Amino acid sequence: TWSPAGPVYAAGRIRNMVVDKNDPSGKTLYVGATSSGIFKSTDAGSNWAPINDQGFVRNISYMAQAVDGTIWASTGEGFLRYGQKAKAQKGTGLYKLNITTNELVKVQDSAIVGDVINRIACSPIDNKYMAVASNKGIMVSTDGGASFSAANLSGYTTTVNVTFGMDVKFDANGILYCTIGNERGHIALAGLPNFVNVASKVFKS
């Protein structure tokens with residue numbers, strides 16, 4: 001039986017949620033909204049409040065939690081109809097949540113990880129390994145987010161804003177799976193590039 005777990009007084013779409021593994025009661029929740037930042041509940045959703053309503057980072061596209069409890073947040077909303085993309089706020093990078101000060105600390109700029117981040121994945125066995133799926137493709141870190149490099153997808157060439165990273169997931173053994181593609185699929189439109197060769201593909205590390 002389903003029951004309400006809100007309300008969340010947030011503007012914009014809520015595209016993601018983290019159930020905080022640091023709280024053994026399971027009652028601490030975080031959600032990220034695409035235009036009003038991160039909201040937190042400490043009573044399993046009965047009440048919500050913004051973590052920092054004076055903060056400048058508002059367009060949260062995804063959240064994830066590492067095995068050590070670190071909460072990551074990305075910016076730049078994807079999965080929109082092509083004609084709606086111009087209305088979305090561009091992402092400014094990848095952030096780490098400081099749960100003491102309720103501040104989002106930038107770890108990587110959008111110039112490195114992309115300004116549309118669709119997903120974040122953290123390895124379940126080693127917090128140094130993480131990945132993001134963005135408009136720059138699949139970006140992987142082996143040092144806890146200190147640096148990122150593009151995944152070598154078996155010689156498949158990725159192009160910024162053409163070949164998007166769509167999803168990233170680690171399995172229980174730390175193997176990374178990812179998907180790439182384009183939100184417009186195979187359709188070639190007048191005056192725009194032909195995306196016939198950008199078929200969705202799945203890769204594993």
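Two strands count as paired here if DSSP finds at least two bridges between them, and strands themselves are DSSP runs (E, at least two residues) numbered from the N terminus. By that yardstick, one open sheet of 4 strands turns up in the order β5-β6-β7-β8, with antiparallel pairing. Its edges are taken by β5 (60–65) and β8 (103–109), each with a single partner strand, so one side of each has no neighbour in the sheet. Direction ignored, neighbouring strands of this sheet are turned by 30° against each other on average, the axes being lines fitted to C-alpha atoms, with angles that run from 0 to 180 degrees between N-to-C directions. Inside the sheet, β6 (residues 71–75) and β7 (residues 93–98) pair in the antiparallel sense over 3 bridges; S74, for instance, has L94 in β7 as its bridge partner.

A word on the ground rules. The model is predicted, so to speak of local features takes pLDDT of at least 70 and side-chain atom pairs count only at pLDDT 80 or more, while totals for chains, interfaces and linings use all residues. Residues are numbered from 1 along each chain as its sequence is written, and side-chain values use heavy atoms, with hydrogens and water left out.

Another open sheet of 4 strands follows the order β9-β10-β11-β12, again with antiparallel pairing. Here the edge strands are β9 (117–122) and β12 (149–150), each of which pairs on one side only. Strand β9 runs antiparallel to β10 (residues 130–134), joined to β10 by 5 bridges, and R119 sits opposite A133 in β10.

Then there is β2 (residues 29–33). All 5 of the 5 residues in this strand are buried (under 20% relative accessible area, against over 50% for exposed and partly exposed in between; 1.4 Å probe, protein chains only), so β2 is largely enclosed by the rest of the structure. L29, V31 and A33 point one way from the strand, and Y30 and G32 the other way. That fits the usual pattern: in a regular strand, side chains alternate between the two faces of the sheet. On one hand, β2 runs antiparallel to β1 (residues 14–19), with 5 bridges joining them, and I14 is bridged to A33. On the other, β2 pairs with β3 (residues 37–41) in the antiparallel sense over 5 bridges, where G32 stands opposite I38. β2 and β3 make a hairpin with 3 residues between them.

Finally, the cysteines. A search of the whole structure finds 0 disulfides, a disulfide being a pair of cysteine sulfur atoms within 2.5 Å. C122 counts as buried at 16% relative accessibility, and C178 is buried with a relative accessible area of 5%.
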